[in-house]
Amino acid sequence: MTTKTDGVIQMPAETGKQVLNVDIIRNDFPILNRKIHGNRIVYLDSAATTQKPACVINALSFFYRTSNANIHRGAYTLSEESSSAYENLREKIARFIGGVDQRGIVFTRNTTESLNLVARSWSKANIKAGDEIILTEMEHHSNLVPWIMIAQETGAVLKHIPVTEDGYLDMDIFYKLLSERTKVVSVTMVSNVLGTINPVSEIIKAAHSYNAVTVLDGAQGVPHTKVDAKELDCDFLAFSAHKMLGPTGIGVLYGKPELLEKMEPVLTGGGMIQEVTLNSATWAEIPWKFEAGTPNYADVIAFSSAIDYLEKLSMDAIRIHEKELTAYTLERLETFPDLTVYGPRDIEHRAGVVAFYDKLIHPHDLSTILDSYGIAIRAGHHCAQPLMRRYNIPANVRASFYIYNDKADVDALIEGLKKAREYFQYETS
Amino acid sequence: MKQVKLDDLYRDTILDHYKNPRGRKELDRIDAEHKGYNPLCGDQVTIKAKFTNGYLEDVAVDSQGCAISVASGSMLAELLPGKSLKEIQQITEAFREMMHGKKLPDDMDIGDLDALEGVKKYHSRIKCALIPWITLNDLIKARQEKETLVSPSLPE
Ligand SMILES: Cc1ncc(COP(=O)(O)O)c(C=O)c1O
């Protein structure tokens, strides 16, 4: 009937569908064996950071035990090994995001640094007073604040695509905002609060018709679905390893080589130069000119293991899995009175992020009570204060999923919500 | 599902203050007003105060926040009216120290505040308990600075 390969169940050929076998996958995540206050961990905060499979943890320690040496600097075995492992991941990432030119893959610390690099470096040479930068009302602070600084420094004007009540970008307004003055359109692929999957392909095409440069915040996109940067034709794409099973401290900026070539480095020093005299310096080729100093090569190598793991499961299977879980969560939450769920109801336009506001219990109290049952959810503004303001709430509660979550986790959340209301002596229905 | 004892965090006294906050009222005269924010969660508290001869005659506390911060603000509103600025400062300091694990002086009357002692074990929540107190402290400081400009000697 069905055949199993690690973590994936191959459904009968006629359906052609692969589904994740969460029981097998969970075994690969040592942290999930931990008990929190005597309960199994129900980890529902993967949008903040994901847990790591043993292969990633082992790759990091194996590297330090066997191959550690600084890259690009020594013609000896250890250094050759770490240099080639580092460069191999560049190639692997280029393949993973749709077969782009690997010269366009720059390693950074995280999505935030990647977005700052674009804002700082590209904008410096290309933005002037009166130019317009289009963002959205649902951006994470890391795709807002760098542009606020650029606008303050250059006199450029920020425009924001509003968010509709049900959590979509108002595309009619986007088309009205676009003009000859538009120089940059920078949007998130997926909202980290609403879960909205934005029509980025359409946005990119429209922006390009005005010769604007397009930047995608892929922090919540790349980890959860197949992303083809070549087909999307985005000019820049930023994402973080730690949100896709990889270690902290590694981010990626993909940029079209022809743009990167014209950009100045932001950080300078060792590793990014061609020739230095006492009074002058020339830059190395891309991507190295953006990677000043010793990079976090050990974590890059561990990230490679994370990519292998994801590819083994297949991004398509991951998306199907998260869709099912999200639909189930929305259905269960809808039975609660006095509880507002944010974001699109149409599961085709929604990723595995479900934020809600319980009118009876403050988000902080709810997360403390859920924690006492071992349930980890996030309460707060999720680094999206303008979006919170849009919905007139100071904070909300967010559950987000990944490959190791299943319906039992959702059931635990629902059960926890009921208990929390009982605890505060409110009627539950 | 097993549950750890949360009762040292959400004591009945706290839930009672949360559901019926004592400071949610209007004052017949407002001498100073101050807003406090908790940037971690977006919570807000607005404190209005009426002073008479260096004493806090009355105080209104309007909290938008979690049970801990609302209850803490309510206890503040119940405890402080009639106290001198110096006493208020001492209680605020003692409460802050309690949140960081220190024992209170035996002779200090802190009203219902001891019910909040359990909060000290929940590191991310200490700020919730302190926010009304920090806000009142800021209000008093702002007022004193203003008064120093007018009259150099301040009543204690
Ligand atoms: C949509 C979005 N953009 C950017 C970021 C920032 O990612 P990082 O903290 O890894 O830089 C996050 C994660 O918190 C996010 O969800």
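Trainee: How many aromatic pairs does the structure hold over all chains?

Mentor: It holds 14 of them. Keep in mind that this is a predicted model. One of the pairs is A:Y423 with A:F424.

Trainee: Why is the pair of A:Y423 and A:F424 called edge-to-face?

Mentor: Two numbers settle it. The centres are 6.2 Å apart, and rings pair if their centres lie within 6.5 Å. The planes of A:Y423 and A:F424 stand at 70°, and angles over 60 degrees count as edge-to-face. So the pair earns both parts of its label.

Trainee: Are A:Y423 and A:F424 buried or exposed, and how do you know?

Mentor: The cut-off for buried is under 20% relative accessible area. A:Y423 has 16% and A:F424 has 0%, so both count as buried.

Trainee: What makes the pair of B:F95 and B:W133 tilted?

Mentor: The ring centres are 5.3 Å apart, and the planes meet at 50°. Stacked needs under 30 degrees and edge-to-face needs over 60, with the rest called tilted. An angle of 50° therefore lands in the tilted class.

Trainee: Which parts of the chain does that pair link?

Mentor: Distant ones: B:F95 is in helix α3 (residues 85–99) of chain B, while B:W133 is in helix α4 (residues 126–150) of chain B, with their positions 38 residues apart.

Trainee: How do you know whether B:F95 and B:W133 are buried or exposed?

Mentor: Use the 20% cut-off again. B:F95 has a relative accessibility of 2% and B:W133 has 1%, so they both go down as buried.

Trainee: What does B:S72 touch, leaving out residues up to four places away in sequence?

Mentor: The pair we just discussed turns up here: B:S72 touches B:F95 and B:W133, along with B:L116, B:A129 and B:P132. B:S72 itself belongs to helix α2 (residues 67–79) of chain B. Its relative accessible area is 0%, so B:S72 is buried.

Trainee: What makes the link between the side chains of B:S72 and B:W133 a polar contact?

Mentor: The distance is 2.9 Å, and the limit for a pair of N or O atoms is 3.5 Å. The side chain of B:S72 also has a polar atom 2.6 Å from the backbone oxygen of B:A129.

Trainee: How do you know that the charged end of A:K407 sits over the ring of A:Y328?

Mentor: The charged end of A:K407 is 5.0 Å from the ring centre of A:Y328, and the distance test asks for within 6 Å. The charged end of A:K226 sits over the ring of A:F96 too, at 5.7 Å from the centre.

Trainee: Why is strand β17 (residues 353–358) of chain A called largely enclosed?

Mentor: Of its six residues, five are buried, so the rest of the structure largely encloses the strand.

Trainee: In what sense do β17(A) and strand β20 (residues 396–400) of chain A pair, and what makes them a pair?

Mentor: They run antiparallel, joined over four bridges, and a pair needs at least two. One of the bridges has A:V354 facing A:A399 in β20(A) as its partner. Strand β16 (residues 339–341) of chain A also pairs with β17(A) in the antiparallel sense, over three bridges. There, A:V341 has A:F356 as its bridge partner.

Trainee: Where does A:N396 lie?

Mentor: In strand β20 of chain A. A:N396 has a relative accessible area of 1%, so A:N396 is buried. Among the residues A:N396 touches are A:A355, A:F356 and A:Y357. The side chains of A:N396 and A:H382 make a polar contact at 2.7 Å, inside the 3.5 Å limit.

Trainee: What makes A:N39 buried?

Mentor: Its relative accessible area is 7%, which is under 20%. A:N39 sits in strand β5 (residues 39–40) of chain A, and the side chain of A:N39 reaches the backbone oxygen of A:S372 at 3.5 Å.

Trainee: Which of the 13 residues around the ligand come nearest?

Mentor: A:T112, A:D217, A:Q220, A:S240 and A:K243. A polar side-chain atom of A:T112 is 2.5 Å from an oxygen atom of the ligand. The side chain of A:H242 has an N or O atom 2.7 Å from a ligand oxygen, and for A:H140 that distance is 3.1 Å. Set against the 3.5 Å limit, these qualify as polar contacts.

Note on methods. Residues numbered from 1 in each chain as written. Chains lettered and ligands numbered in written order. Predicted model: local features only at pLDDT ≥ 70, side-chain atom pairs only at ≥ 80, totals over all residues. Heavy atoms only, no water. Phe/Tyr/Trp six-rings, centres within 6.5 Å; stacked < 30°, edge-to-face > 60°. Buried < 20%, exposed > 50% of the residue type's maximum accessible area, 1.4 Å probe, protein only. Helix = DSSP H or I, 4+ residues; strand = E, 2+ residues; numbered from the N terminus. Lys NZ or Arg CZ within 6 Å of the ring centre and 35° of its normal. Polar contact = N/O pair within 3.5 Å; in protein donor to acceptor, adjacent residues only side chain to side chain. Contact = heavy atoms within 4.5 Å. Near = heavy atom within 4 Å.
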